[in-house]
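This briefing is intended for a bench biochemist who wishes to read a protein chain alongside its structure. Please examine the entry below before turning to the notes.

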Amino acid sequence: MATMLLSAAGSSIGSAAGGSLLGLGAASLGRAAGGIAGSIIDQQILGRGSAPVPTGRVDRIRVQRAGEGDPVPRVFGRIRVAGQIIWASRFRERMTESDGGGKGGGAQSASYSYTISFAVALCEGRVSGIGRLWADANEVSPSDFVHRLHDGSEIQDPDPLIEAIEGDAPAFRGLAYIVFEDVDLKPFGNRIPQFNVEVWREAEAAEGAAAPRLSELIRAVALSPGSGEFSLDTDKVRRIVGPGRTEFENVNTPSERPDLLVSLGQLAAEAPKAKAISLIVSWFGDDLRCGRCEVKPCVESRDKQTSPTEWRAGGVGRQEAGLVSSDAAGRPVFGGTPSDGSVIRAIREIARRDGRVMFYPFVLMDVPEQNAKTNPWTGVAPQPAFPWRGRITLDRAPEVANSTDKTAAAAQEVRAFFGNAMPADFNVGSDRVDYVGPAEWGFRRFILHYAHLCALAGGVDSFCIGSEMRGLTHIRSGPSAYPAVAELRSLAADVREILGPDVKIGYAADWSEYFGHQPNDGSGDVHFHLDPLWSDDSIDFVGIDNYMPIADWRYTRDHLDEGFGSPYSLQYLKNNIEGGEGFDWYYASAAAREAQDRSDIVDGAHGEDWLFRPKDIRQWWSNAHHDRPGGVRAPQPTAWTPGSKPIWFTELGCPAVDLGANQPNVFFDPKSSESFLPYFSRGVRDDFMQRRYLQATLSYWENDANNPVASLYAGRMVETSRSFVWTWDARPWPEFPSRLDVWSDGPNHRSGHWITGRLGAAPLADVVAEICRRAGVSNVDVSSLYGVVHGYMLEQAGSARAALQDLMSAYSFDAIESGETLRFRHRDRRADIGIEAGEIHLSSRGQRERRFARTPDGELASAITLTYIDDESGYESGSTEARHVGSTSTRVEALNAPLVLDAAAAQETAERHLAESRASREGVLVRLGRRHLAIGDLTLYLVQSSCDLPG
């Protein structure tokens, strides 16, 4: 016989339907019962001496050391390191003599200054790069010091300065260190300052990793936000705030370098293969009715004065430009259009860094709340606040009564939106582009202005003539005539005339737009409405803004995808790239989605299922296209030649929020009517979800087996080097998002599409695998571990168990010995098996042996305080508390987590600890048969109610 501890609270395993209990959120309680296994594993798996051991503590003071034999820290993710001085030169003394003042001269005086060179060891292993620098606890600019980073590779050479001074110098291979050269000690009281360095390091990839590191997969990024009057300037610009007083307009870091230069440097360090950059520049639309919508450059203030350059864009100065809307506090809700001069300098700077620019003109809809404009989609006012550009349509949308759709009047409304600007309506000078055409703010003026500006800047690699104008491209002036598509073709030809034959030109269609127009009006019409554009000689690529769903996960039990084990499973996500929703099946209604009532996507008439599958890129690209007016398949194909042009993912992204892969196209922005969470998401920040979505999509199309070779051009179907990940910010991290006094959209970063500030994190599975491997345990399984470690440092010599214990506690996972393999898995799994009362074996006295245990309330913690490293305050220590409402206990437990966390993650960790301690207070000891014990494994059991457990 064997005995097993069973949790009377086991019914909470996997419960995550919402609500709260004991003042704790369901997200914490859903994992609470799993905590019971943690104490078992301490004894069962880790063996003798497995009672909790001392682990890392959060250092409140980081002191640079120089001790013989001091341990070298190991770093995972991004963290602040004090380091150890491993070499120093002699002091260099400089004397400066000066004559005394006074009549007839005075005695000479001498002043002395000292410099020194020294090397600081940072950590063991190869680092990805360094970021911020602190001297005596004050953040300083790394550019203020001559320094060299040796990244810790096994082939690095000795530092040339150390070698020059010492003659025979060690290379310190396998040790990352930084050499400071001739540091002036006067500002530091003639002593070596206490330097702290921000280091980021990716853990060694776990053996058999399912996908390459994200930093290695990203080859192109979109550079947002596309607004900010001087956000793209590579020169410093000052704002005049009073007599003799100025403030920087585009310098917000201690380096006192323009923000764009700092951001591009961070991009090169964190995503070194990202050589293609989509340069986003925004003008502003003011109406969803295309015939009434003006698209113009806007400024944040008409009164702003800047030096040494004044703002100018689109051929107008500050006084002639539009003015962006303001919020209740009087702050602009958008940054203004980047100045033309800054755009020119940004293009040249990216080219200087060997980058390839795709110019990406962007329409932001500045329609404030409480406007009096008629909503074309409802026929009544107001229009929704700050909507998506894809909702621009006719005065009455095609689905609304009295719409001009399918009439000649629709073409006139579309024509009014595009306007009449021509390439010859612009005068190009040595450093500016002026407009001399008709007095209008049409879309053509917007696009042609920037075509001229890109040419003036020296050219770009590629140019988009627009993006996600789905509402416009669906407008018809006849049964099968699409006037906006014809306008785009004309515009592409004019851009070609300006930019020449070497620039790639395309249109960035929404993922729900690129493949065709299938109006839900009962007509049966199916039109490949963009095919005239895709096949046009002036178009070089098919642009798709790819936010396709690749998951349909729920928090409820027994949902249809539960068998895949986790929403983070790479295999699950990859299966849904050419499968799942939008490929195999669809939901006919919101109610069908709620019930997971899936309808197959089948073309019963002609067997062309792909025609109705927005995710079936391969078949769309490979086949001839036949329109079906009225549902009747046309005998002749459209102008599209199968496989004739490459597909670029002109946008590709996922929000950093739980279940983001369910609906990657949505974002959370309280000011916008388009603000939504993905289907069934709780709105919890989830960097790993974003990382997995990008890993799955990028690695899937990098696989040659999934990406067919083209026969009509050199390359493959999807040009993976032009998969522009949305989004990298032109504003440097961490100033954005933390500087809310400068940028009001900072809070949106938390769960938004930004990869800025996230690439430096290390996957939890890789961290655990590396710790085990360095301890000599190579046979481990970390395939079921999910999550990212933002920062973790092992400063003291210790056991692997001590190193893992902090992670196991913070990330809620356990170690399970299974045969010769050490498996790690999270505690949020469901019970593997149920036990009925009859399965409890008899004791020697002939009774079914059950022993119940309940910890008295007074022995339970009423509150838990957690000390951690605060991600949002320069890695200073932070503290949070979780308290059990209604507890009679006065006991408070203190936990130290030497991990980098933000405030919300720290609070969730503390709440989960408290929930687990409460959930594990009740237990039952029963006698079971051997068949219930998987050899070498530990299984959680759910005791059925028939066992008559108490209360």
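The notes below cover the chain as a whole, one helix, one sheet and the nonpolar cores.

This is a predicted model, in which local features need pLDDT of at least 70 and side-chain atom pairs count only at pLDDT 80 or more, while totals for chains, interfaces and linings use all residues. Residues are numbered from 1 along each chain as its sequence is written, and side-chain values use heavy atoms, with hydrogens and water left out.

**Chain overview**

- The secondary structure comprises 19 helices and 45 strands; these are DSSP runs numbered from the N terminus, helices being H or I of at least four residues and strands E of at least two.
- Of the 951 residues, 56% count as buried, that is, under 20% relative accessible area with a 1.4 Å probe, protein chains only.
- About 39,100 Å² of the chain is exposed, and carbon and sulfur atoms supply 49% of that area (Shrake-Rupley method, 1.4 Å probe).
- Among contacts (heavy atoms within 4.5 Å) between residues at least 6 apart in sequence, 73% join residues at least 24 apart.

**Helix 6**

- Helix 6 spans residues 340-352, and its 13 residues reach 18 Å from first to last C-alpha, close to the 18 Å expected at 1.5 Å a residue (1.5 Å times one less than the number of residues).
- Its buried residues are Asp-340, Ser-342, Val-343, Ile-344, Ala-346, Ile-347, Glu-349 and Ile-350.
- The cover over these buried residues includes helix 5 (259-270), strand 23 (356-365) and helix 8 (443-456).
- After helix 6 comes Asp-354, which has a positive phi near 65 degrees.

**A three-stranded sheet**

- An open sheet has the strand order 15-14-19 with antiparallel pairing; strands pair if DSSP finds at least two bridges between them.
- Strand 15 (245-248) and strand 19 (306-307) are the edge strands, each with a single partner, so one side of each has no neighbour in the sheet.
- Strand 14 (residues 238-242) is joined to strand 19 by two bridges, and Arg-239 has Thr-306 as its bridge partner in strand 19.

**Nonpolar cores**

- The largest nonpolar core (buried Ala, Val, Leu, Ile, Met, Phe, Trp, Tyr and Cys joined through side-chain atoms within 4.5 Å) has 151 residues, and those with the most contacts inside it include Ile-465, Trp-534 and Trp-620.
- Helix 8 gives the most to this core, with nine residues.
- A separate core of 37 residues includes Ala-203, Ile-771, Ala-910 and Leu-914.

How values were computed. Buried means under 20% relative accessible area, exposed over 50%, partly exposed in between (1.4 Å probe, protein chains only).
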